[in-house]
Amino acid sequence: HPEASLNPGLQVAKIISQPIALYNPRVNKNELEQQTELMLQQVGLPLAYKTKYPFQLSGGEKRRVALARAIATKPEVLFADEPFAGLDKALQYRMLKLLMDIKRERNLTIVMVSHDIDVIRHVCGRIMTLKGGQIADINEAGSNGVPVNMDHFR
């Protein structure tokens, strides 16, 4: 929920650079700026966004900033809770493609929570289904014979 997780009083550059500085306190100012710019580029936002505030961003742009902040510390695992909720199908598709590109480039494991099984089948190699808070089923993606339908996002 990027609207709630982005500090409205901070510019995008500060939002992204804070975790970098926290996890690497010896990083100098130039390196911090370079890494922040790299994160913006990796999520497909122009460098001009460094000076924007969250209220100046669309929902999709806020999600990209949140994703940049999440991957800034080079995690091995990314937890994504309903990352596409509330987005129209076209934006869902673009965000899904971005997430998959980042997953591939960084060899990242993604644990995703979603009610959209088409998204889960596309992103995840293993699917755990819960019912009433209990594990109901665990399968390899696509093992139930239902192919992933990317037309779902168009």
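# A guided tour of the predicted model

Read from the N terminus to the C terminus, the protein follows the pattern α-α-α-α-β-α-β-α-β-β. The model is predicted. Its secondary structure amounts to six helices and four strands.

**The whole chain**

Begin with the C-alpha trace of the complete protein, which spans about 50 × 30 × 30 Å along its principal axes. Switching to a surface representation shows an exposed area of about 9300 Å², of which carbon and sulfur atoms supply 52%. Of the 154 residues, 38% count as buried. If a contact map is at hand, restrict it to contacts with a separation of 6 or more: residues 24 or more positions apart account for 59% of these.

**Helices H2 and H3**

Select residues 12-23, helix H2, together with residues 29-42, helix H3. Two packed helices are described by the angle between their axes and the distance between the axes. Here the axes come within 9 Å and cross at roughly 115°. The crossing of H2 and H3 is right-handed.

Next, display the side chains at this crossing. From H2, the contact is made by Val 12, Ala 13, Ile 16, Ser 17, Ile 20 and Ala 21. From H3, the participants are Leu 32, Gln 35, Thr 36, Met 39 and Leu 40. Classified by type, the contact contains eight nonpolar residues, three polar residues and no charged residues.

An α-helix has 3.6 residues a turn, so residues three or four places apart point the same way. With that in mind, colour the buried residues of H2, namely Val 12, Ile 15, Ile 16, Ser 17, Pro 19 and Ile 20. The cover over these buried residues of H2 includes H3 and H4.

**Three stops along H3**

Which residues does Thr 36 touch, apart from those up to four places away in sequence? Thr 36, found in helix H3, touches Ala 13, Ile 16, Ser 17 and Ile 20. Thr 36 has a relative accessible area of 3% and is therefore buried, the cut-off being under 20%.

Move now to Gln 42, also a residue of helix H3. Is Gln 42 buried or exposed? Its relative accessible area is 19%, so Gln 42 counts as buried under the 20% cut-off. Leaving aside neighbours within four places in sequence, Gln 42 is in contact with Ile 71, Leu 98, Ile 102, Glu 105 and Arg 106. Add Asp 101 to the selection: Gln 42 and Asp 101 are 59 residues apart in sequence, while their C-alpha atoms are 9.3 Å apart in space.

Finally, select Lys 29, likewise in helix H3. Lys 29 counts as exposed because its relative accessibility is 70%, and the threshold is over 50%. A distance monitor from Lys 29 to Thr 51 gives 16 Å, C-alpha to C-alpha, for a sequence separation of 22 residues.

**The largest nonpolar core**

Hide the surface and select the largest nonpolar core, which has 38 residues. Which of its residues touch the most other members? They are Ile 16, Val 43, Val 65, Leu 67, Ile 110, Met 112 and Val 123. At least two residues of this core come from each of H2, H3, helix H4 (59-71), strand E1 (77-81), helix H5 (89-106), strand E2 (109-113) and helix H6 (117-123). H5 supplies the largest share, seven residues.

Centre the view on Val 123. With residues up to four places away in sequence not counted, Val 123 touches Leu 96, Met 100, Lys 103, Ile 110 and Met 112. Among these partners, Ile 110 and Met 112 also belong to the set of core residues that touch the most other members.

**Two loop residues with positive phi**

The last two stops concern backbone torsions. Select Glu 82, whose place is in the loop between E1 and H5. Glu 82 is not a glycine, yet its phi is positive, at about 50°. With a relative accessible area of 22%, Glu 82 is partly exposed.

Then proceed to Asn 107 in the loop between H5 and E2. Asn 107 is again a residue other than glycine with a positive phi, near 50°. Asn 107 has 68% relative accessibility and so counts as exposed, being over 50%.

Conventions
Residues numbered from 1 in each chain as written. Predicted model: local features only at pLDDT ≥ 70, side-chain atom pairs only at ≥ 80, totals over all residues. Heavy atoms only, no water. Axes fitted to C-alpha atoms, helices over the stretch in contact; angles between N-to-C directions. Left-handed = near helix turned anticlockwise from the far one by under 90°. Contact = heavy atoms within 4.5 Å. Nonpolar A, V, L, I, M, F, W, Y, C, P; charged D, E, K, R; others polar. Core = buried A, V, L, I, M, F, W, Y, C linked by side-chain atoms within 4.5 Å. Buried < 20%, exposed > 50% of the residue type's maximum accessible area, 1.4 Å probe, protein only. Areas by Shrake-Rupley, 256 points an atom, 1.4 Å probe, with all protein chains shown as cover.
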